[in-house]
Amino acid sequence: MNNSSTFFTECIAKALIELLKEKPFSSISVAEIAQKAGVSRMTYYRNFSSKEDILEKYINSIFDNYHKEVYANAKHASFIRYENVLLGFEYFRRYNDLAACLLSNNLGWYIRDAIIRSELGLSLVSEKDRHSRYLFIAYANTLFGIMSEWVISGMRDDPAELANMICDIYVDRLRRY
């Protein structure tokens, strides 16, 4: 995405998030989103095909930024590292409104699916290596489950402790992949 489309996506997404704080996703209209964002419906439809499209594009842009940080900080090829898990918690904190609104509207699967795509993409696991794929999917679901509970419970627990717990479970199992 270029800078203007990234900015536009962020503005529309933030308008949707503000509306999600007031009412359920299914009750929000495109007209309301456009009005809240200060754009016309025509402009909205030039960029998005649906409300779901907003979430997908916004979440994908967030994960793209996460990947850039992971790659920029990578000291070696393995992405299953404490620093990356901790960075994931930082992203959940940074985008807490989005995560909380999606979770409270039973839309957390958008985040879960993005985490799965992200982890499989970072791991470069072959389609043919079914065992490794399942292991990475289990890892991604663990990340989603723990981070979701952390958001729902008000982010009271120390992210460093949670990152250590996740790494204790998975690092040895996934190190070879």
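**Helix α5.** I began with α5 in this predicted model. The helix has 13 residues, and I get 18 Å from its first C-alpha to its last. That is close to the 18 Å expected at 1.5 Å a residue. I then listed what is buried in α5: Asn-84, Val-85, Leu-87, Gly-88, Phe-89, Tyr-91 and Phe-92.

**A salt bridge in α5.** Which residue pairs with Arg-94? I find Glu-90, with the closest N and O atoms 2.6 Å apart. Both residues belong to α5, which covers residues 82–94. Arg-94 and Glu-90 are separated by about one helical turn, because they are 4 residues apart in this helix. I also looked up the cover on each partner. Arg-94 has a relative accessible area of 42%, so I enter this residue as partly exposed. Glu-90 is at 41% and counts as partly exposed too.

**Salt bridges elsewhere.** How many salt bridges does a search of the whole structure find? The search gives 10. I noted two more pairs.

- Lys-23 bridges to Glu-32, and the closest N and O atoms are 2.4 Å apart. Lys-23 is partly exposed at 26% relative accessible area. Glu-32, at 22% relative accessibility, is partly exposed as well. Buried means under 20%, so neither Lys-23 nor Glu-32 falls in that class.
- Arg-112 bridges to Asp-113, and here the closest N and O atoms are 2.8 Å apart. I have Arg-112 at 28% relative accessibility, which makes this residue partly exposed. Asp-113 is at 25% and is also partly exposed.

After these pairs I looked for bridges with shared partners. Glu-18, Lys-21 and Asp-97 are joined in this way into one network.

**Negative patch.** Last, I turned to charge on the surface. Which residues gather in a patch of negative charge? They are Glu-149, Asp-157, Asp-158 and Glu-161. I followed up Asp-157, one of the residues in this patch. Where is Asp-157 placed? Asp-157 lies in the loop between α8 (130–152) and α9 (159–174). Its relative accessibility is 43%, so I enter Asp-157 as partly exposed. A patch residue needs over 30% relative accessible area, and Asp-157 meets that cut-off because its value is 43%. A patch residue also has no salt bridge, so Asp-157, as a member of the patch, is in none.

Key:
Residues numbered from 1 in each chain as written. Predicted model: local features only at pLDDT ≥ 70, side-chain atom pairs only at ≥ 80, totals over all residues. Heavy atoms only, no water. Patch = residues over 30% accessible without salt bridge, like charges linked within 9 Å, V, L, I, M, F, W, Y side chains within 5 Å. Areas by Shrake-Rupley, 256 points an atom, 1.4 Å probe, with all protein chains shown as cover. Salt bridge = Lys/Arg side-chain N within 4 Å of Asp/Glu carboxyl O. Lys, Arg positive; Asp, Glu negative; His and termini not counted. Charge placed at Lys NZ, Arg CZ, Asp CG, Glu CD. Helix = DSSP H or I, 4+ residues; strand = E, 2+ residues; numbered from the N terminus. Buried < 20%, exposed > 50% of the residue type's maximum accessible area, 1.4 Å probe, protein only. Expected span 1.5 Å × (residues − 1).
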